[in-house]
Amino acid sequence: MRLDKYLSHATGASRSQVHHWLRHKRILVNGVLCTQAAHPLTEPSEVLLDGEAVTLPQDGYWMLHKPQGVVCANTDGHYPTVIDLVSSHLAPHHLQIAGRLDVDTTGLVLITTDGRWNHQITAPKKHCQKIYRVQLSQPLNPEHFQQLNEGIHLHGEKKPCLAAEAFALNTHHYLLAIYEGKYHQVKRMMAALNNHVVNLHRIAIGGVQLSTLAPGQFRPLLPSEITQLANKPQCLKLAEVAQHL
């Protein structure tokens with residue numbers, strides 16, 4: 001890793017601030033003064049700023065219960081963000097959102113500082129299962145279930161969606177499992193069936209379910225949850241999930 005990138009990531013300072021430190025000879029690498037931003041760091045290396053050790057932060061992993069009216073973004077000029085909800089406890093400049101939700105959709109959001117772990121969850125080819133509780137304006141009929149299972153073709157998309165699964169909780173409430181993350185996917189899928197989403201709530205990602213967090217609350221993921229999502233996200237059976245709602 002380049003020295004300037006390391007310092008920026010470790011301290012949260014801007015790249016221009018890091019270059020200022022280097023020009024003013026405030027950085028030592030393995031006991032030697034270093035002024036080159038592109039200096040390559042190898043492990044292990046000791047980096048000092050004004051005599052104080054600088055180390056990369058430990059990766060962190062959290063789940064958040066996103067309320068309505070909050071956007072999945074680091075900053076926004078109109079709405080509060082999920083990062084705003086955690087910033088009083090976590091350093092916001094390293095946080096990434098793994099799996100975004102619309103402003104009016106509630107439920108499980110994952111937040112991390114680990115880019116590779118994030119990729120395992122969000123990369124389209126990973127086909128990570130996401131489960132939603134959906135309230136619809138009209139009931140689904142058997143033909144709709146079949147269409148979902150065969151893959152809905154969304155307007156403006158070249159290929160149909162991957163096969164989805166639906167499970168009826170009652171006439172207007174369903175569990176829906178999808179395996180990709182297209183823009184407004186659930187709402188667009190239901191619109192393609194001449195239906196309308198009244199309420200949308202995500203309850204699971206890759207087999208990890210939203211715990212009993214109140215809206216706006218968050219907690220660290222358990223080591224088993226972190227490993228599960230990193231290695232091989234699980235696919236839950238909707239009928240079993242429904243039994244615990």
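"Buried" here means under 20% relative accessible area, and that cut-off applies in each of the views below. The model is a predicted one.

**Figure 1. The whole chain, before zooming in on its parts.**
This predicted model has eight helices and 13 strands. Measure out the C-alpha trace along its principal axes and you get a span of about 70 × 35 × 35 Å. Of the 245 residues, 44% are buried. Take the contacts between residues at least 6 apart in sequence: 64% of them join residues at least 24 apart. The accessible surface comes to about 13,400 Å², and carbon and sulfur atoms hold 51% of that. As for charge, there are 22 positive and 18 negative ones, and their mean positions sit 5 Å apart.

**Figure 2. Helix α1 and what covers its buried residues.**
Helix α1 covers residues 3-11, and its buried residues are Leu3, Asp4, Tyr6, Leu7, Ser8 and Ala10. An α-helix has 3.6 residues a turn, so residues three or four places apart point the same way. Look for the cover over the buried residues of α1 and you'll find, among other parts, α2 (15-23), β1 and β3 (47-49). Just past the end of α1 comes Gly12, with a positive phi of about 85 degrees.

**Figure 3. The open four-stranded sheet.**
Read across this open sheet and the strand order is β2-β1-β3-β4, with antiparallel pairing. β2 (32-33) and β4 (52-53) are the edge strands; each has a single partner, so one side of each has no neighbour in the sheet. Zoom in on β1 (residues 27-29) and β2, and you'll see an antiparallel pair held over two bridges. Leu28 faces Leu33 of β2 across that pair.

**Figure 4. Strand β8 between its pairing partners.**
Strand β8 runs over residues 130-136. Five of its seven residues are buried, so the rest of the structure largely encloses β8. It pairs with β10 in the antiparallel sense over six bridges, and here Gln135 stands opposite His173. Strand β11 (residues 197-205) is also antiparallel to β8, joined to it by seven bridges. In that pairing, Ile131 stands opposite Ala204. In a regular strand the side chains alternate between the two faces of the sheet.

**Figure 5. Lys130, a buried lysine in β8.**
Is Lys130 buried or exposed? Its relative accessible area is 11%, so Lys130 counts as buried. Leaving out residues up to four places away in sequence, Lys130 touches Leu176, Ala177, Ile178, Tyr179, Glu180, Gly181, Arg202, Ala204 and Ile205. A polar atom of the Lys130 side chain lies 3.3 Å from the backbone oxygen of Glu180. Check Ile203 too: Lys130 and Ile203 are 73 residues apart in sequence, yet their C-alpha atoms are 7.9 Å apart in space.

**Figure 6. The β9-β10 hairpin.**
Strands β9 (residues 165-168) and β10 (residues 173-178) run antiparallel, with four bridges between them. The hairpin that joins β9 to β10 goes through four residues. For a handy marker, pick Ala168, whose bridge partner in β10 is Tyr174.

**Figure 7. His65 and its surroundings.**
His65 belongs to strand β5, residues 61-66. With a relative accessible area of 9%, His65 is buried. Which backbone oxygen does its side chain reach? The His65 side chain reaches that of Leu213, at 2.7 Å. Set aside neighbours within four places in sequence, and the residues in contact with His65 are Gly107, His201, Leu210, Leu213, Ala214, Pro215, Gly216 and Gln217.

**Figure 8. Gln185 in helix α6.**
Helix α6 spans residues 185-192 and includes Gln185. At 4% relative accessibility, Gln185 is buried. Beyond its neighbours within four places in sequence, Gln185 is in contact with Cys161, Ile178 and Glu180. His173 is twelve residues from Gln185 along the chain, and the two C-alpha atoms are separated by 17 Å.

Technical notes: Residues numbered from 1 in each chain as written. Predicted model: local features only at pLDDT ≥ 70, side-chain atom pairs only at ≥ 80, totals over all residues. Heavy atoms only, no water. Buried < 20%, exposed > 50% of the residue type's maximum accessible area, 1.4 Å probe, protein only. Contact = heavy atoms within 4.5 Å. Areas by Shrake-Rupley, 256 points an atom, 1.4 Å probe, with all protein chains shown as cover. Lys, Arg positive; Asp, Glu negative; His and termini not counted. Charge placed at Lys NZ, Arg CZ, Asp CG, Glu CD. Pairing = 2+ DSSP bridges. Polar contact = N/O pair within 3.5 Å; in protein donor to acceptor, adjacent residues only side chain to side chain.
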